[in-house]
Amino acid sequence: MAPRNKYTVILPTYNERRNLPIIVWLLNRTFTENNLDYEIIIVDDASPDGTLEVAQQLQKLYNPKHILLRPRPGKLGLGTAYVHGLKSATGNFVIIMDADFSHHPKFLPSMIATQKRTNCDIVTGTRYAGDGGVFGWDLKRKLVSRGANLVADTVLRPGVTDLTGSFRLYKKNVLERVMGVTESKGYTFQMELMTRAVGMGYRVEECPITFVDRVYGESKLGGEEIVEYLKGVLSLWLKV
């Protein structure tokens, strides 16, 4: 009899005090209702709003078996947060997603089913294929996102429709290998992960999702991140 799959969710957090209880409750409900083994690793970067204290309460509520806390002393970058969380992952599959409720756990059963059906290495949620979409963004934000994907697709040709998305399911061993050669640390991390994975020959399937703008708090995407992204695309084009 094949061993039961276990799903590790890595949630990097910074000032997500109000969002974290919602996303953890939804994750617990999704995994429980679908009879799936899981753990949630919360990587908090010293949030000044008390996110870590909320995470500690959630750990008591849901059991340390399901909620693992791996805090860090400060903001050290999104990419390194995933690397840090992966070190503690015990699942054979790893899910990376945002903690701000923009990635709804209701799409996880479809993503997991896609992986089981195809035995692919990565399932990536896409806003730009099938019945995927975006809600809560103004026209400027939509144009920035579409433009970023168009630039990356034209320059890098990764073969996926949503390269800037950050809602993905990986085979753990695949994620470890790809992370091992990924150099980006910030907002270009997700783009480089996917580009390198495709370049290494890993199979990627897409699953349509609906992206909803964050419930509480402010977006962390600004002008500096956009410049970093464009530099990252050029750097990847030269390296990959």
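In strand β7 the side chains alternate: R168 and Y170 point one way, L169 and K171 point the other, and all of them are buried. This is a predicted model, so everything below describes computed geometry. Strand β4 follows a similar script, with F93 and I95 on one face, V94 and I96 on the other, and all of these buried too. The two strands pair with each other in the antiparallel sense, over 4 bridges. Within that pairing, I95 of β4 sits opposite L169 of β7, while V94 has Y170 as its bridge partner in β7.

Y170 turns up again on the β5 side. Strand β5, residues 122-126, pairs with β7, residues 168-171, over 3 bridges, again in the antiparallel sense. Here it is I122 that has Y170 as its bridge partner in β7. As for β4, it also pairs with β1; those two run parallel and are joined by 4 bridges. Y7 stands opposite F93 of β4.

Zooming out, these strands belong to an open sheet of 7 strands, and the order reads β3-β2-β1-β4-β7-β5-β8, with mixed pairing. The edges are taken by β3 (67-69) and β8 (204-208); each has a single partner strand, so one side of each has no neighbour in the sheet. On average, neighbouring strands are turned by 20° against each other, ignoring direction.

Helices pack on this sheet as well. Helix α2, residues 51-62, touches β1 (6-13), β2 (37-44) and β3, and its direction makes about 145° with that of β3. Helix α6, residues 172-181, also packs on the sheet, but its contacts are with β4 (93-96), β5 and β7. The direction of α6 makes about 95° with that of β7.

One residue of α6 worth a stop is K172. Is K172 buried or exposed? Its relative accessibility comes to 18%, so K172 counts as buried, given that the cut-off is under 20%. Leaving out residues up to four places away in sequence, K172 touches L86, A89, T90, G91, N92, F93 and V94. F93 and V94 are the same β4 residues that point opposite ways from their strand. K172 and D121 are 51 residues apart along the chain, yet their C-alpha atoms are separated by 9.0 Å.

Helix α6 also has a helical partner. Its axis and that of helix α7 (residues 189-199) come within 9 Å and cross at roughly 110°, so α6 and α7 are roughly perpendicular to each other. On the α6 side the contact involves L175, V178, M179 and V181, which meet F189, E192, L193, R196 and A197 of α7. By residue class, this contact divides into 7 nonpolar, no polar and 2 charged.

How many of the residues of α7 are buried? The count is 9 of 11, so α7 is largely enclosed by the rest of the structure. The buried set consists of F189, Q190, M191, E192, L193, M194, T195, R196 and A197. That list takes in the α7 residues that meet α6, E192 and R196 included. Just after α7, G201 takes a positive phi of about 90°.

That leaves the cysteines. The disulfide count comes to 0. C120 is in no disulfide, and the nearest cysteine sulfur, that of C207, is 10.0 Å away. Why does C207 not form a bond with C120? A disulfide here needs the sulfur atoms within 2.5 Å, and the 10.0 Å between the sulfur of C207 and that of C120, the closest cysteine sulfur, is too far for a bond. Both cysteines are nevertheless tucked away: C120 counts as buried at 0% relative accessibility, and C207 is buried with a relative accessible area of 5%.

Methods: Residues numbered from 1 in each chain as written. Predicted model: local features only at pLDDT ≥ 70, side-chain atom pairs only at ≥ 80, totals over all residues. Heavy atoms only, no water. Pairing = 2+ DSSP bridges. Axes fitted to C-alpha atoms, helices over the stretch in contact; angles between N-to-C directions. Contact = heavy atoms within 4.5 Å. Buried < 20%, exposed > 50% of the residue type's maximum accessible area, 1.4 Å probe, protein only. Parallel < 35°, antiparallel > 145°, perpendicular 65-115°, else oblique. Nonpolar A, V, L, I, M, F, W, Y, C, P; charged D, E, K, R; others polar.
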